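Me: I've just started learning to read protein structures, and I'd like some help. Can we go through one together?

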There are 2 protein chains.
Amino acid sequence: MAEEAVDVSNKQIILKHYVSGFPIESDFEIRTTPIRLKVPEGIPNAILVKNLYISCDPYMRNRMSEMEGSYVDSLVPGSPITGFGVVKVLDSTHPDMKKDEFFWGFTGWEEYSLITSTQSLFKIQHTQVPLSYYTGILGMPGITAYAGFYEICSPKKGEKVFISAASGAVGQLVGQFAKLLGCYVVGSAGTKEKVDLLKDKFGFDEAFNYKEEDNLNAALKRYFPDGIDIYFENVGGKMLDAVLPNMRLRGRVSVCGMISQYNLEKTEGVHNLFFLVSKRIRMEGFLVLDHYHLYPKFLEMILPHIKEGKVEYVEDIVEGLENAPAALIGLFTGRNVGKQVVVISHE
Amino acid sequence: MAEEAVDVSNKQIILKHYVSGFPIESDFEIRTTPIRLKVPEGIPNAILVKNLYISCDPYMRNRMSEMEGSYVDSLVPGSPITGFGVVKVLDSTHPDMKKDEFFWGFTGWEEYSLITSTQSLFKIQHTQVPLSYYTGILGMPGITAYAGFYEICSPKKGEKVFISAASGAVGQLVGQFAKLLGCYVVGSAGTKEKVDLLKDKFGFDEAFNYKEEDNLNAALKRYFPDGIDIYFENVGGKMLDAVLPNMRLRGRVSVCGMISQYNLEKTEGVHNLFFLVSKRIRMEGFLVLDHYHLYPKFLEMILPHIKEGKVEYVEDIVEGLENAPAALIGLFTGRNVGKQVVVISHE
């Protein structure tokens, strides 16, 4: 016998309009609408979910602007924000997705979502770890770090690795992967707290606060007197310009993101690209969406590492959907320490 | 019986001082010194050569500035300029280099040179072609084009290829290699004469004069409505910035040089590097000196093509060593049409 459908109120975070420059809280609004906790009649292969954790990720800034032909769809002003999250199935018309199962993938910034495009969702099989990990180390940022380091950087034991935005969701993992491989690893971040975290918690060999360096080139020379083999690029702009002259012959730059540039009306120009020639550097951009097939292999590697404490993970957890806009904005001012997660409901 | 040593006068082109900005003729001077046409006593493995053809190449601009730890040594103010050329051996103490043999490789901008570092010289075995070809299509620029296209671009039949400075020594060959492979090929150059050459002589599908385009982005969209798979980069700066948004997914940028930037006090900033991420572009610099081992394979491929007229080659030949400085300077104003060669002596 079918359960009675329940009508509840659904709190949502709406993007009011496209944003230029730094996003501010008034670019968002909270709306409450009713929702029936059941997949409507006649919609096959859909699920109605409760959103538990949502993820604040730098790539979301690009989606707040109107972009044509981009690699991700722009957000829709007037509609709830979409992004990665961890969900619990309340009702399903999908043969492979059952009530009370957990999934991670694309969902809405709201308490409940009807998901009709379920192909991007991954079923959560391992629940001995906090479910929030599936917005980070065991989710999109985890595969990003794994693919971006192992597939794009061609790393070898003993190489010198530099990571910018190193305490973020991706950076902290890349640094630990590089250490596990036997590399010398240095990270940059924007506060003393993050720098301490890099050295004390994540086991980086060295770390520095880029905001306290008048001369990034000199800072890099201090930590890499013989140069950098691998630069894992998360920030772009001035940092990239400082890194290029400090690269070693046949160095590799894996371009994951350029967060320092996303809120600028005009991006900073990069002047030192001729070093690509003189040092025979390979610089390669990548997107995680090309690498999801590696997820099972990645899980097999990372789960034992987490269990044995060989890989550490730091989350910055904010409670409450209503605090999600400030959490997202905080990514771009560096407020978060570790992976930024928002809890909508603990279950 | 040993031949009598002959003393002659040796005209030389001297770099007077390091150059900043555009080089001008007064940065050079002509000097005449005596030379004995014999390897001096006690110097083993050396040759005394007559310089026949010398090569003007863009990379030489970087050598006119004082640079530390660069991939090439700076020129030495007060000394003759050095560069690639075709030489005839007049005297030798090297067991494998005989009188009257021809070589190409590093020599001086002077009538006669004593070469003690002979390891960079290649013996010229095929003399059915003009010897000047060994400063270009059969010399350093030839291997540059071959390695830069086949090794760095990972080209496939049917791909869309764009080449800047396309009528130059390297560009004209890359375009023809791409056509031989079955690619769609477009080149840019700086005069109508060069544009006509690209289309009529080298068989490019299309070509345009970048100086006549107000909007490089629009020009690229006109010729590549579906985007560029491969960009063979010779110029840098604004052109690179216009190309990046027009690249296709998983496109490749082979960075051979950035001639538009070499004379600037501060290089132009490149703003569109985030497209490396969104389009998963690989951008890779290279230097020919890593690829000389391919020379025999390259010769085997190119010589029949030249003989059968499948590959065309255009040189801009200037007569007389005294005209070499103007020829070199002309590279940076785009005066040359095709490979810039200077004849010191026809034999």
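Me: At what angle do helix 2 of chain B and helix 8 of chain B pack, and how far apart are their axes?

Reply: First, the general idea: two packed helices are described by the angle between their axes and the distance between the axes. Keep in mind that what you see here is a predicted model. In this case, helix 2 of chain B and helix 8 (residues 295-307) of chain B pack at about 95 degrees, and their axes are 10 Å apart. That angle makes helix 2 of chain B roughly perpendicular to helix 8 of chain B.

Me: Which residues make that contact between helix 2 of chain B and helix 8 of chain B?

Reply: From helix 2 of chain B you get Gly142(B), Ile143(B) and Tyr146(B), and from helix 8 of chain B come Tyr295(B), Phe298(B) and Ile302(B). Sort the residues of this contact by class and you have five nonpolar, one polar and no charged.

Me: And in chain A, what is the angle between helix 2 and helix 8?

Reply: Helix 2 (residues 140-151) of chain A packs against helix 8 (residues 295-307) of chain A at about 95 degrees, with the axes 10 Å apart. Here Gly142(A), Ile143(A) and Tyr146(A) of helix 2 of chain A meet Tyr295(A), Phe298(A) and Ile302(A) of helix 8 of chain A.

Me: Back in chain B, how do helix 2 and helix 3 cross?

Reply: The axes of helix 2 (residues 140-151) of chain B and helix 3 (residues 169-181) of chain B come within 8 Å and cross at roughly 45 degrees. The two helices of chain B, helix 2 and helix 3, are therefore oblique to each other. Helix 2 of chain B passes helix 3 of chain B in a right-handed crossing. Among the residues making this contact are Ala145(B) and Phe149(B) of helix 2 of chain B, and Leu173(B) and Phe177(B) of helix 3 of chain B. By class, the contact of helix 2 with helix 3 in chain B has nine nonpolar, three polar and no charged residues.

Me: Which strands does helix 3 of chain B lie across?

Reply: Helix 3 of chain B lies across strand 8 (160-163), strand 9 and strand 11 (228-233) of chain B, and runs at about 165 degrees to strand 9 of chain B. Strand 9 (residues 184-189) of chain B also pairs with strand 10 of chain B, in the parallel sense and over four bridges. For one of the matched pairs, look at Ser188(B): its bridge partner in strand 10 of chain B is Phe208(B).

Me: How do I read the sheet, and in what order do its strands come?

Reply: Walk across it strand by strand. The sheet is open, has 12 strands and mixed pairing, and follows the order 10(A)-9(A)-8(A)-11(A)-12(A)-13(A)-13(B)-12(B)-11(B)-8(B)-9(B)-10(B). At the edges you find strand 10 (206-209) of chain A and strand 10 (206-209) of chain B, each pairing on one side only. Neighbouring strands are turned by 15 degrees against each other on average, direction ignored.

Me: In what sense do strand 13 of chain A and strand 13 of chain B pair?

Reply: Strand 13 (residues 282-285) of chain A pairs with strand 13 of chain B in the antiparallel sense, over three bridges. Try finding Glu284(A), which stands opposite Arg282(B) in strand 13 of chain B.

Me: How many residues does each chain bring to the contact between chain A and chain B?

Reply: Chain B brings 27 residues and chain A brings 27 residues. On the side of chain B that touches chain A, strand 13 of chain B gives the most, with four residues. That side of chain B has 12 nonpolar, nine polar and six charged residues.

Me: Last one: what turn and shift lay chain B on chain A?

Reply: Generally, two copies of a chain are related by a rotation about an axis and a shift along it. Here a turn of 180 degrees and a shift of 0.0 Å along the axis lay chain B on chain A with an RMSD of 0.0 Å. That is the relation of a two-fold axis. In chain B, the C-alpha nearest the axis belongs to Gly269(B), 1.9 Å from it. As for the interface, 100% of the interface residues of chain B are also interface residues in chain A, so the copies meet through the same surface.

Definitions and conventions
Residues numbered from 1 in each chain as written. Chains lettered and ligands numbered in written order. Predicted model: local features only at pLDDT ≥ 70, side-chain atom pairs only at ≥ 80, totals over all residues. Contact = placed C-beta atoms within 7 Å. Nonpolar A, V, L, I, M, F, W, Y, C, P; charged D, E, K, R; others polar. Pairing = 2+ DSSP bridges. Axes fitted to C-alpha atoms, helices over the stretch in contact; angles between N-to-C directions. Parallel < 35°, antiparallel > 145°, perpendicular 65-115°, else oblique. Left-handed = near helix turned anticlockwise from the far one by under 90°. Least-squares fit on C-alpha atoms with pLDDT ≥ 70 in both.
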